[in-house]
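Please find below a colleague's note on this structure, set out as numbered points for your consideration.

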Amino acid sequence: MVTTVIPVEPFDLVIFGGTGDLARRKLLPALFQRWRARQMPENARVICVGRQPLSDESYRSRIETSFREFPVPCVEDREALGEFLNGICYARVDVNGSDGWSELRRMLRQDVIRAFYLSVAPSLFGVITAMATEWKLVSPDCRIVVEKPFGHDLASARNLNAELSGRFDERQIYRIDHYLGKETVQNLMALRFGNSLFEPIWNSQYVDHIQISVAESGGIGGRGSYYDEAGAMRDMVQNHLMQLLCLIAMEPPAQFEADAIRDEKLKVIKSLGRVAKDDVVRGQYLSGPGVASYRDECGDPVSETESFVALRVHLDNWRWSGTPFYLRTGKRLRSTLTEVSVAFKDPVHWIFEEQANRKGTSLTIRLQPNEGITMRMTIKDPGPGGMRLTEVPLDMTFAEALGSNAEAMPNAYERLVMDVIRGNQTLFMRGDEVEAAWAWIDPIAAGWADLPGGLYMYDPGSDGPVQSHALLHRDRRDWQGL
Ligand code: NAD
């Protein structure tokens, strides 16, 4: 199989926050890979905006240094790196002032696609969009890309949406959740809607329950002050886990088209039922050998913010009524893993002898590491001894199945940035989706404020607080291992 690269149209991409972490670690490396793949046209231009006085040359050499530090894949391809860096310009603009805007405007071309990537704190979205409009940088077809977090609650998300929609049409706004750009996330749709095998049994009649786990072995690192305001619920559940839940649970869209898909995702979010207090487990990691506690890392010795959350949620709709969805996410857990597991019910009439510890049939979709799919099947335990059953995995790792093509597949940011240029919003969140997600999260998070003692401590390297197991044991189920 050969991967097909369709070059995008010529473009000017302006990255506000060009000296920041995201631009250096993700955006520019992603663009470099697309350059190497010849998806970026030769006359594409990337304009990085920062506050510091830097020449193009000194900015390029900083980027080259950081590419080598990480290191970015294929950084040793000197010819491609040199060509790519030559296409990057630097513009000095303090977005709170008026200096630099007219120079920035002069750098933009009229006859190419124009996109603004706001890789800055959300508090700057308003001023950037206002100044870009005032200085006539905004063209009728330009795109604007905004990073997560999109708000802290429903009210702040509404404010951000209002700021953006006051100056841009919804079709111009690209709200990034980089999880949606991952190959396997899109495979959720291919798997469901490209195989007649699954769709007939994708409902509460056949599905016992669904688990979504997004676990990280690392701690909060240098993001302490941001994270302590957000916690796992706002940082992960509101966006990544909700998006995965939507793709797993949504009805088949009429077309593979951005709004058709986003309409169906919105219906899922709106059918999320109220979450009872005892259907939520919040946790926080303690210290361990060589590892600081959450409170030490965030610098607040009495912080009540959760670094782990597990929830039992249900969807009030025809397809899923009676099938619980268990979600969990946390930091400093045993491993770094993202997976969705669909556990199927036993056949309605069981003709074999009952056996202890039988897990039954399940389909697990791994997003990381080793993107792939595992189907757990029940078969006869080979050999003599009567009709005993056992379970075996039917395992497919994309890297093995697709060989070198898997390595050539674009990563999430590569795909998403190219989609912005192409004008394809399928993998981006619409404003109403984001608001509906906050409307569901807000009452849960508000309930915690008056829930003394509702935070359970867990050891680093574990699979979270024991209470998260009790959440499933209560329903006679178990988490799939981390
Ligand atoms: P950062 O603090 O490293 O960079 C922020 C950038 O904003 C810097 O380049 C800074 O110079 C610029 N900036 C600040 N004030 C400015 C002003 N007045 N005028 C012009 N430029 C100004 O932050 P980051 O980690 O790069 O994150 C950027 C955004 O992306 C944030 O909203 C963050 O939440 C989001 N995000 C980051 C990551 C990541 O991996 N870093 C991941 C997901 C989302």
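1. In the predicted model, Arg282 has Leu455 of β15 as its bridge partner. The strands concerned, β8 (residues 280-285) and β15, pair in the parallel sense, with four bridges between them.

2. These two strands belong to an open sheet of nine strands with mixed pairing, ordered β14-β13-β12-β11-β7-β10-β9-β8-β15. At its edges stand β14 and β15 (455-458), each of which pairs on one side only. From one strand to the next, the twist averages 15°.

3. Helix α15 (residues 466-473) lies across five strands of the model, namely β7, β8, β9 (308-313), β10 (325-330) and β15. The helix runs at about 10° to β9.

4. Strand β12 deserves separate comment. Six of its seven residues are buried, so β12 is largely enclosed by the rest of the structure. Its pairing with β11 is antiparallel and comprises six bridges; within it, Ser341 is matched with Thr364 of β12. The pairing of β12 with β13 is likewise antiparallel, with five bridges, and here Arg366 has Gly372 of β13 as its bridge partner.

5. The hairpin of β12 and β13 has three residues between the strands. In this hairpin Asn370 adopts a positive phi, near 55°.

6. Which strands each supply at least two residues of the lining of the second largest pocket? They are β7 (207-215), β11 (337-344), β12 (362-368), β13 (372-380) and β14 (389-397). The largest share, five residues, comes from β11. The volume of this pocket is about 730 Å³.

7. The lining of the second largest pocket comprises 30 residues. Nearest the pocket centre lie Ala343, Lys359, Gly360, Arg376 and Gln480. By residue class, the lining consists of 14 charged, ten polar and six nonpolar residues.

8. A further open sheet contains six strands in the order β3-β2-β1-β4-β5-β6, and its pairing is parallel. Strands β3 (88-92) and β6 (173-175) are at the edges with a single partner strand each, so one side of each is left without a neighbour in the sheet. On average, neighbouring strands of this sheet are turned by 20° against each other, direction ignored.

9. Within the six-stranded sheet, β4 (residues 113-118) and β5 (residues 143-146) pair in the parallel sense over four bridges. One bridge places Phe116 opposite its partner Ile144 in β5. Helix α2 (residues 56-69) packs on this sheet, where it touches β2 (45-50) and β3. The direction of α2 makes about 115° with that of β3.

10. Is Met131, in helix α5 (residues 125-134), buried or exposed? Its relative accessibility is 11%, and the residue therefore counts as buried, the cut-off being under 20%. Leaving aside residues up to four places away in sequence, Met131 touches Val95, Gly97, Ser98 and Trp101. Of these contacts, Gly97 lies 34 residues from Met131 along the chain, and the two C-alpha atoms are separated by 8.8 Å.

Terms used
Residues numbered from 1 in each chain as written. Predicted model: local features only at pLDDT ≥ 70, side-chain atom pairs only at ≥ 80, totals over all residues. Heavy atoms only, no water. Pairing = 2+ DSSP bridges. Axes fitted to C-alpha atoms, helices over the stretch in contact; angles between N-to-C directions. Contact = heavy atoms within 4.5 Å. 1 Å grid on protein atoms, 1.4 Å probe; cavity = no way out; pocket = protein on both sides within 12 Å on 5 of 7 lines; lining within 4 Å. Points joined across faces, edges and corners; volume = space filled by probe spheres on them. Nonpolar A, V, L, I, M, F, W, Y, C, P; charged D, E, K, R; others polar. Buried < 20%, exposed > 50% of the residue type's maximum accessible area, 1.4 Å probe, protein only.
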